[in-house]
Structure formats: structure tokens, C-alpha cells
Amino acid sequence: MMTLILALRELRTLFVSPMAWSILAITQLILAFIFLALVEGYIVNQPQLMMLENVPGVTERIIAPMYGAAAWVFMMVVPLLTMRSISEERRNHSLTLLLSAPVSMTEIIIGKFLGVMLFLVLMASLISLMPLSLLLAGNLDFGHFASIFIALLFLIACFSAVGLYLSTLTTQPTVAAIGTYGALLLLWIIDIGSNSVANIEASGLLGYLSMLRHFDALARGVFSSVDIVYFILFITVFLVLSIRRLDADRLQH
């Protein structure tokens, strides 16, 4: 119950912030432009596509690339939403009051995480209205579409967990945002180095740590338990680290 109260409080804090509304509007505008560009490209190239043996549908040609672009946009957006979660309260000296409240560190972290996730799920749902509008002119592969949407939700949950942890380490929201950008970018492109590593085990480890590789697998409709376990473990690890960090602050006070 307390976790839900904290989550709604965090969500309300985001909605009273002009930055959150600006992010919501700009994100929709950018992805709407990308969506319309993909639709136009599909229409223009449709005669050539019809000559192929296995004609790709709108899900493969429009929705999948659009959600791939959305993943990059969310990587830019999420650090701006999570950077103030803990660092702002520490800078305003309100963290001491929160730590002294009759609520556990786990409830605080999970509540803040869920608050940010509710806002991001709303953003992802609004984005999904654009590809769903294609039903007016044709059919969609709903299985593939659901897999892409689930992959995006897992991805933004990973982004939020990392951003929340970095926010617990500093009193400056800007530092937390920059640190989150660096960490996410590293985890996104880490599999690039796996191709040049001679050691097979090290190469496999780098590939497994890459969020891009797991996201792409789900976005292609390959629903593997390996990718699901990766995302769950990733989120759990960073939430636990956040709880431990906050508990260390409580013991100091």
C-alpha cells in the first residue's frame, strides 16, 4: 500500500513538472515524424516490395523500425526523468525526512521506480496509437507487435532502474543524468567490441551484457526466455543496488 502511495506521489510530481510535459510533447512529435516518414517510404516502395517472394508487411517495415527509433529516444529521455528521483531530495535536505518515515527502503525505491514507469508506460501507450491507426488501411501482425511493445517496456524499465541507481549516488541531478547517459550508451553498444575479442567466453559475455542484442531479438518476434531473464535480472540488480545505497544513507543519519 505504501509503495503505491509513493508511486502515485512520484507520478504526480512528474505531471506538475513542465519538463515532463515538454518531454512528452517533444517525444510524440519526433516519433510522429518518423512514423509518417516510414509510412511514406512503405507506400513509395510498395511496387518493388510486391515483387519479392516473401512480401514484408507493415509490422516489419513500419512498426519495428519505429520502435527501434523509440528505443533511442527513450534512452535520451529516461535520464531526464530519473535524475531528480533521489538526488533532488538529497539536495533539498528532504531525504532525511523520507528516511525517518515509517517506510522501508525497498518501498521507497520500488515506489519511485513504479512512479517513473507509470509515466513512461503512458508515453509508450500514446506512441502505440500511431501504428494502431494502420488498422484503418490494413492488417497488423499482432503477435509481432506485442513482442515489440513488450521489448520496449522491458528496455525502458532497465533504463529507469539504472537512472534511479545513479540518482542515489549524487546530490546533483545533472551529474546523475550524465552518468546515466554514459552507462546506458555503454550497455547499448558493448556488443560492438564482442566481435573483435579473441577470447570466445569474453566475447559471449560482452554480447550477453548488451541491451541492444536482447531488445533486437524480442523486436524481431523471437520470444526467448534468455532475453526475458536478462531484463528481469538487470532490473532487479540495479533496484537492489539502489536499496542498498539508500539503506547506507539511512544508517549514516
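Helices here are DSSP runs of H or I with at least four residues, strands are runs of E with at least two, and both are numbered from the N terminus. With that in hand, hello everyone, and let's walk through this structure together.

It is a predicted model, in which local features need pLDDT of at least 70 and side-chain atom pairs count only at pLDDT 80 or more, while totals for chains, interfaces and linings use all residues. Residues are numbered from 1 along each chain as its sequence is written, and side-chain values use heavy atoms, with hydrogens and water left out.

Let's start with the overall picture. How many helices and strands does the protein chain have? There are eleven helices and zero strands, so please don't go hunting for a sheet, because a strand would need an E run of at least two residues. The chain has 253 residues, and 47% of them count as buried. Buried means under 20% relative accessible area, exposed means over 50%, and partly exposed is in between, using a 1.4 Å probe and protein chains only. Now take contacts, meaning heavy atoms within 4.5 Å. Among those between residues at least 6 apart in sequence, 77% join residues at least 24 apart.

Next, the inside. A nonpolar core is a set of buried Ala, Val, Leu, Ile, Met, Phe, Trp, Tyr and Cys residues joined through side-chain atoms within 4.5 Å. The largest one has 75 residues, and F74, L120, F159 and M211 have the most contacts inside it. Which helix gives the most to this core? That is α7, with 16 residues.

Let's zoom in on M211. Not counting residues up to four places away in sequence, M211 touches L155, C158, F159, L184, L187, W188, Y230 and F234. Pick L187 from that list, and you land in helix α8. L187 counts as buried because its relative accessibility is 15%. Between L187 and M211 there are 6.0 Å, C-alpha to C-alpha, although they sit 24 residues apart in sequence. Setting aside neighbours within four places, L187 is in contact with L209, S210, M211, L212 and F234.

Now for a second spot, around T82, S167 and T170. T82 belongs to helix α3, residues 58–82. Is T82 buried or exposed? It is buried, since its relative accessible area is 1%. Beyond four places in sequence, T82 touches V116, S160, G163, L164 and S167. T82 and P173 are 91 residues apart in sequence, yet their C-alpha atoms are 8.5 Å apart in space.

The S167 in that contact list lies in helix α7. Its relative accessible area is 0%, so S167 is buried. Which residue's backbone nitrogen does the side chain of S167 reach? It is that of S87, at 3.0 Å. That is a polar contact: a pair of N or O atoms within 3.5 Å where, within protein, one must be able to donate a hydrogen and the other to accept it, and residues adjacent in sequence count only if both atoms are side-chain atoms. S167 also touches residues including T82, R84, R90 and A176, leaving out those up to four places away.

A little further along, T170 sits in the loop between α7 (142–167) and α8 (173–189). T170 is buried because its relative accessible area is 15%. A polar atom of the T170 side chain lies 3.1 Å from the backbone nitrogen of Q172. Beyond four places in sequence, T170 touches S87, R90, V175 and A176.

Let's finish with R250, in helix α11 (residues 225–252). R250 is partly exposed, because its relative accessible area is 36%. The C-alpha atoms of R250 and T96 are separated by 7.8 Å, and these residues are 154 apart along the chain. Apart from neighbours within four places in sequence, R250 is in contact with L99 and M105.

So here are the stops to find on screen: M211 with its neighbour L187, T82 touching S167, T170 in its loop, and R250 in helix α11. Thanks for listening!
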